[in-house]
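Student: Could you take me through one part of this model slowly, and tell me what the side chains there are doing? I would like one connected explanation rather than a list.

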Amino acid sequence: MDTQNSEKAAIKIQSWWRGNMVRRTLLHTALRAWVIQCWWRSMQAKMLEQRRRLALRLYTCQEWAVVKVQAQVRMWQARRRFLQARHAACIIQSHWRWHTSQTRGLIRGRYEVKASRLELDIEILLT
């Protein structure tokens, strides 16, 4: 009986040891799986952040392009209005100058430089 008891005790110790080894192996496996899962989640978060930044950068570039086009169109419109106003002012000025020359009279003149003296003849015609 003594050998039987020692066999049972040895079997108990062996089963306890195998149980500990299996539990330890399972624990290490679970820890390694957890580490891999944590790493994978962090990589997914990084990739998501990169995609979000890329989408934001693309959106920003498109918005700036739209703003630039709008600014160019507004500048073109303002320049066109300015040129139209300038053209209208030139027409008004030329008509006004013609009108004033017709109502005030004409100034006719000639000049000559002789030696060291200037001869100047001016005729003013008032109508």
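Tutor: Since this is a predicted model, every value below is computed from it. On the surface, Leu27, Leu31, Trp34 and Val35 form a nonpolar patch, and together these residues have about 420 Å² of accessible area. Tryptophan 34, one of the residues in that patch, lies in helix α1, which covers residues 2-104.

Helix α1 also holds the charged side chains that deserve a close look, namely arginine 52 and glutamate 49, which are three residues apart, or about one turn of the helix. Side chains of opposite charge can pair when their charged atoms come close. Arginine 52 does form a salt bridge with glutamate 49, and the closest N and O atoms of this pair are 2.6 Å apart, which is within the 4 Å that a salt bridge requires. Arginine 53 is likewise in helix α1 with glutamate 49, four residues apart, which is again about one turn of the helix, and the side chains of arginine 53 and glutamate 49 meet in a salt bridge at 3.1 Å from N to O. The count of salt bridges comes to two, and Glu49, Arg52 and Arg53 are thereby linked in a network.

As for how open these residues are, glutamate 49 counts as partly exposed at 30% relative accessibility, and arginine 52 is partly exposed as well, with a relative accessible area of 46%. Arginine 53 has a relative accessible area of 52% and is therefore exposed, because the cut-off for that word is over 50%.

Definitions and conventions
Residues are numbered from 1 along each chain as its sequence is written. This is a predicted model: local features need pLDDT of at least 70, side-chain atom pairs count only at pLDDT 80 or more; totals for chains, interfaces and linings use all residues. Side-chain values use heavy atoms; hydrogens and water are left out. Patches are made of residues with over 30% relative accessible area and no salt bridge: like charges are joined within 9 Å, nonpolar side chains (Val, Leu, Ile, Met, Phe, Trp, Tyr) within 5 Å. Accessible areas come from the Shrake-Rupley method with a 1.4 Å probe; for residues, only the protein chains shown count as cover. Helices (H or I, at least four residues) and strands (E, at least two) are DSSP runs, numbered from the N terminus. Buried means under 20% relative accessible area, exposed over 50%, partly exposed in between (1.4 Å probe, protein chains only).
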